[in-house]
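Me: I'm new to this one. Can you put it up and walk me through it?
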Amino acid sequence: MRLAGLYACAAVAAALPILFPDNYFVTVVGISAGIRVILAVGLNLLMGYAGQISLGHAAFFGMGAYASAILTTRHAWPALLAMAAGLAVVGASAWLLARPILRLRGHYLAMATLGFGIIVHVVMVQATRWTGGPDGLAGIPPLNLLGWSVDTDLRWYGVVMAATLLAVWLSLNLADSQVGRALRAVHGSEFAARMLGIDTGRAKTRIFVVSALFAAFAGSLFAHQQGFVSPDSFNLIVSVELVTMVVLGGMASTFGAACGAIALTLLHEGLVVFEDYEMLIHGALLMAVMIFLPQGLFVGLSQATRRLWRAARRGG
Amino acid sequence: MPSERPLLEVLGLSSHYGPVRAIHQADLRIQPGELVAIVGGNGAGKTTLLRTLSGLHPASDGCVRFAGHDITRWPPHRIVAAGICQVPEGRQVFAPFSVEDNLRLGAWRQRRDRDWTRREQERIYSLFPLLAERRRQLAGTLSGGQQQMLAIGRALLGRPRLLLLDEPSMGLAPLLVEEIFRVIVELNSQGVTILLVEQNARAALAIAGRGYVLETGRIAKTAPAAELLADDAVRRAYLGY
């Protein structure tokens, strides 16, 4: 029953390309939405469940992408091995970073993760010998899964959707586990959680690492799918957008975060026609959501529909 | 039984909030199976003392020995694992969690032993039938007394060898206080060693075997509870008659 929502999503994801073949919105936008869902669901584990903020998540996304890019183009590693190496590097750096950083709270944690994001971005721009500098790295080969090359939009759509569903499934399981409950306890009252014998430092460190791994996984997929990476895809704005997705989704709900990611991706696509005004409309919409649906789109809209439904039944 | 080794032994314990001294040179000794009360007025340092024992507040001097270990500098999760569980002041239940999930969180250290957790949970429900009826209810919607029962149940799921209770009567109606104290006595008779901190000195000393009087961070007096109840100075200061 817990996974009913997941099955529904899987059905929709499978039905879309059949109903609308060769549709730009389904394949191209769908791929980019899927990658963002992985990022948002991962960040939600840290923000929504454990109540910690990260304003530097684009850095982990970027490190995963660059690891795949550098290892496959410069050293001719197979794609999956490069992805695994990227995950290992990101996991290790997140772990090293977590110990000192997660002792900080609130604004300080935000500032520290922000600083980390900026440092990683500077390295991407400046370490030209490895990263190609501001021009980025091109010619990343497509993903190759045991001889099956992922080289068409439709294949990519399938792979990204499978990866997205995997991420959602992992997140749902984690949230419903004893560990997930402990994280929400840390969120509710770190003091009370420590009193119950929960090693809060360790719990926060672990979820920070898991959250970073989700981002690195998304980054690796992104690099292979685009065939090109540059520092612009991993700057501060991206980190802020990721936080926005989680907040839009209402925090503390996997599906909420996923909806936030999809909504923001579609919004981007829809606002492209407004060009220079895009940021303005984007900001105004965010403010409206925060004012009228403070629990986020997912929770807020489902409550609103329930109210309307009840009102309609009473009226009829 | 003075020859028996104490379960908890506190020697010269001091603790500070910044430059302000909250606990000064406290000595405390609890034998296995005892029910000991610490009474004292507002701001005497009762809560700080408990928090220092459970590692939530650092000790600045002295030492705490528990079951043969020097636990003075241990982190809280290790102290809980060793068997000191706390029912905090103000209950601190997790409001957005169900009663059941609050209890499960209490069993964090025992989470791999599901059979034990389930059996122990049922035992808590039989101890507090009110909670059993409300398993799925959110803890935030419970009354103060029910939350107190939940906080005690949650601490019991930590498998305590020593249970620390911080002001369990706070903010409760007299009938509920009676009910809570009845349970404390019952737990003690089942073998749980209990350290009870209370402003309601009369009720606490009525059920305790021994008592300590805490005054501005110092242990001012220690004696069998009946003696403290009869002591003129204690009566004037804490019992109000």
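Reply: Here are a few stops, with the ground rules up front. This is a predicted model, where local features need pLDDT of at least 70, side-chain atom pairs count only at pLDDT 80 or more, and totals for chains, interfaces and linings use all residues. Residues are numbered from 1 along each chain as its sequence is written, while chains are lettered from A and ligands numbered from 1 in the order in which they are written.

Me: OK, the sheet in chain B. Which six strands form it, and in what order?
Reply: The order is E6-E7-E8-E3-E9-E10 in chain B, making an open sheet with mixed pairing. Its edge strands are E6 and E10 of chain B, each pairing on one side only. From one strand to the next, the twist averages 20°. Two strands pair if DSSP finds at least two bridges between them. Strands (E, at least two residues) and helices (H or I, at least four) are DSSP runs, numbered from the N terminus.

Me: What holds paired strands of a sheet together in general?
Reply: Backbone hydrogen bonds, with strands either parallel or antiparallel.

Me: Take E3(B). Which strand does E3(B) pair with over five bridges?
Reply: That is E8, residues 193–198 of chain B, in the parallel sense. B:Val36 stands opposite B:Leu195 there.

Me: And how many bridges join E3(B) to E9(B)?
Reply: Four, and the two strands run parallel. E9 covers residues 210–215 of chain B. B:Ile38 has B:Tyr212 in E9(B) as its bridge partner.

Me: Is E3(B) mostly covered or uncovered?
Reply: Mostly covered: five of its five residues, 35–39, are buried. Buried takes 20 or more other C-beta atoms within 10 Å of a residue's own, exposed takes 12 or fewer, and partly exposed is in between, with C-beta atoms placed from the backbone. Both faces of E3(B) are covered. B:Leu35, B:Ala37 and B:Val39 sit on one side, B:Val36 and B:Ile38 on the other.

Me: Which helix lies across E3, E7 and E8 of chain B?
Reply: H7 of chain B, residues 174–189. H7(B) runs at about 155° to E8(B). Axes are lines fitted to C-alpha atoms, for helices over the stretch in contact, and angles run from 0 to 180 degrees between N-to-C directions.

Me: What about the edge, where E6(B) meets E7(B)?
Reply: E6(B) and E7(B), residues 162–166, pair in the parallel sense over four bridges. B:Ile84 has B:Leu162 in E7(B) as its bridge partner.

Me: Switching topic. Where is B:Arg91?
Reply: B:Arg91 is in the loop between E6 (84–87) and H3 (99–106) of chain B. Its phi is positive, about 70°, although it is not a glycine. Most residues other than glycine have a negative phi.

Me: Is B:Arg91 buried or exposed?
Reply: B:Arg91 is buried, because 24 other C-beta atoms lie within 10 Å.

Me: What is phi of B:Thr216 near?
Reply: Near 35°, a positive value in a residue other than glycine. B:Thr216 is in the loop between E9 and E10 (218–224) of chain B. B:Thr216 has 14 C-beta neighbours inside 10 Å, so it counts as partly exposed.

Me: Now the chains together. How many residues of chain A are in contact with chain B?
Reply: 13 residues of chain A are in contact with 20 of chain B. Contact takes C-beta atoms, placed from the backbone, within 7 Å. On the chain A side, the largest share, five residues, comes from H8(A). That side divides into six nonpolar, four polar and three charged residues. Ala, Val, Leu, Ile, Met, Phe, Trp, Tyr, Cys and Pro count as nonpolar, Asp, Glu, Lys and Arg as charged, and the others, Gly among them, as polar.

Me: At what angle do H8(A) and H3(B) pack?
Reply: About 95°, with their axes 10 Å apart. They are therefore roughly perpendicular to each other. That label covers 65 to 115 degrees; under 35 is roughly parallel, over 145 roughly antiparallel and the rest oblique.

Me: Which residues meet there?
Reply: A:Gln178, A:Arg181, A:Ala182 and A:Ala185 in H8(A) meet B:Asp101, B:Arg104 and B:Leu105 in H3(B). These divide into three nonpolar, one polar and three charged.

Conventions
Contact = placed C-beta atoms within 7 Å.
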